[in-house]
Amino acid sequence: MKILIISHEYPPLGGGGANACFFLARQFAQSGNDVDILTAMYEGLPKTEKTETGVKIYRVKCKRKNKEKSSFAEMLSFLCSAWRKAEKMARENHYDKCLTFFGIPSGPIALHLKRKYGLPYVVRFGGGDIPGAQKRFKYVYAVVSPILRTIWREADALIANSEGLKKRAQRFEKRYEISIIENGVDDQFFCPLEEKAEGDILKILFVSRLIEGKGLQFVIPKVKDINAQVAQKGKKGIELLIVGDGPYRTILEKITKENEVEDLVRFEGRKNKDEVREYYRNADLFILPSLSEGMPNVVLEAMATGLPIVMTPCEGSKELINGNGIISKVEEFDKALVEMCISDDKRKIMGQTSRKLVEEHFRWKVSAQKYLFLMNEILKDHE
């Protein structure tokens, strides 16, 4: 099968969606499929590239200032630049299927290719492409909603990576069937240390872009009290390690200073993949107090490295937490952290369960097979 993937974000650009694009494309190619990716150019990246697994990457020039995120204007720039390139690629390569990340900005291109060349397409939701997900796109959603409904209606399949994301999509538009295919994780790379040294301080880890929706502003003010409660139980003190960067960092640092917890909260900044793995491996507990997600890759990475999890009941929590952590409302997050910190046995057992869940359910090979099965079924319908 010849597959065209259209995504404005592909590593090193973007976050969880780009990561999913990378691993799915690699697995598609390793299964014997021809895979081309159309994505955005960024400084220093080659215009065309072929990976060791045979995935061919084509990059188009567009406006892009930041690796981690793009504005709507930048997405629109990609849409305009990629439109002609996608048409040329479809005309010359005769693809069997198009997989688009996400409804916006790639969806209109996939819709155009279907109408002009009869190329079936699948939309993989990212979260932010569903109206209502991000405050910064409030007015944009009002404009693009009619276009999105058309893209969804004419798609051959719609895919969400969690039950929660599916429900969010259905709140916007409930007329169309949505399949669920969970994210995976590279469990060979993200794996526990064979022996982990016991430290004097319990390391609570957070990894993600620093934006308001990740919820750290609700946790930081309670860190001093959490530390005191843990100490009262005769346990170690705590330290909150924040790995990542973003527009909300300055505000979070201000909150840290105002609550006089600079000695308990450390901002580590943005780290590369190898460095992030070591943070996971040396932590005792992973937290994600997020207000909204799709299916958070950082939780999967933490699970793969054998960490117990405390997260909010955001999208993805239903699939990810099963005996390996605590789902807690953000208002009661401090209680869940204390409960986890004072029990060494609970953390150990839940950490082992995290790794087991990944090995049994959350490998990229399994996710890719589900995508390929779905696309093959669509091909049969078009024969």
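Below are some short exercises on this predicted model, each with a worked solution.

Residues are numbered from 1 along each chain as its sequence is written. Because the model is predicted, local features need pLDDT of at least 70 and side-chain atom pairs count only at pLDDT 80 or more, while totals for chains, interfaces and linings use all residues, and side-chain values use heavy atoms, with hydrogens and water left out.

**Exercise 1. Work out how H12 and H13 pack against each other.**

Step 1: Find the two helices. H12 covers residues 333-341 and H13 covers residues 344-361. (Helices, H or I with at least four residues, and strands, E with at least two, are DSSP runs numbered from the N terminus.)

Step 2: Look at the axes. They sit 6 Å apart, at an angle of about 95°. (Axes are lines fitted to C-alpha atoms, for helices over the stretch in contact, and angles run from 0 to 180 degrees between N-to-C directions.)

Step 3: Name the arrangement. H12 is therefore roughly perpendicular to H13. (Under 35 degrees counts as roughly parallel, over 145 as roughly antiparallel, 65 to 115 as roughly perpendicular and the rest as oblique.)

Step 4: List who touches whom. H12 brings Glu339, Met340 and Cys341, and H13 brings Asp344, Lys346, Arg347 and Met350. (Contact means heavy atoms within 4.5 Å.)

Step 5: Sort them by class. You get three nonpolar, no polar and four charged residues in the contact of H12 with H13. (Ala, Val, Leu, Ile, Met, Phe, Trp, Tyr, Cys and Pro count as nonpolar, Asp, Glu, Lys and Arg as charged, and the others, Gly among them, as polar.)

**Exercise 2. Now try H10: how many of its residues are buried, and how does H10 cross H13?**

Step 1: Check the cover. H10 spans residues 297-304, and eight of its eight residues are buried. (Buried means under 20% relative accessible area, exposed over 50%, partly exposed in between, with a 1.4 Å probe and protein chains only.) Among them are Asn297 and Glu301.

Step 2: Compare the axes. Those of H10 and H13 come within 7 Å and cross at roughly 110°, so H10 is roughly perpendicular to H13.

Step 3: Find the touching residues. Leu300, Met303 and Ala304 in H10 meet Ser354, Arg355, Leu357 and Val358 in H13. By class that contact has five nonpolar, one polar and one charged residues.

Step 4: See what comes next. Gly306 follows H10 and has a positive phi, near 80°.

**Exercise 3. Describe the cavities and what lines them.**

Step 1: Count. There are two cavities of 30 Å³ or more. (On a 1 Å grid over the protein atoms alone, a cavity is a set of points where a 1.4 Å probe fits but cannot get out, and a pocket is an open set with protein on both sides within 12 Å along at least five of seven lines; lining residues have an atom within 4 Å of a point. Grid points are joined across faces, edges and corners, and a volume is the space filled by probe spheres set on the points.)

Step 2: Take the largest cavity. It holds about 40 Å³ of space, and its lining includes His8, Arg64 and Phe78. Helix H2 (residues 72-93) gives the largest share of that lining, three residues. By class the lining has four nonpolar, two polar and three charged residues.

Step 3: Take the second largest cavity. Its volume is about 30 Å³. The lining has eight nonpolar, no polar and no charged residues; Ile204 and Leu337 are among them. Helix H7 (223-232) and strand E10 (237-243) each supply at least two residues of this lining.

**Exercise 4. Which residues are closest to the centre of the second largest pocket?**

Step 1: Get the volume. About 480 Å³ of space lies in this pocket.

Step 2: Look at the centre. Of 19 lining residues, the closest are Lys196, Glu198, Gly306, Arg347 and Lys348.

Step 3: Look at the whole lining. H13 gives the most, with seven residues, and the lining divides into six nonpolar, four polar and nine charged residues.

**Exercise 5. Is Arg281 buried or exposed, and what does Arg281 touch?**

Step 1: Place the residue. Arg281 is in helix H9 (residues 273-282).

Step 2: Check the accessibility. At a relative accessible area of 14%, Arg281 is buried.

Step 3: List the contacts. Leaving out residues up to four places away in sequence, Arg281 touches Phe189, Cys191, Pro192, Leu193, Lys196 and Thr305.
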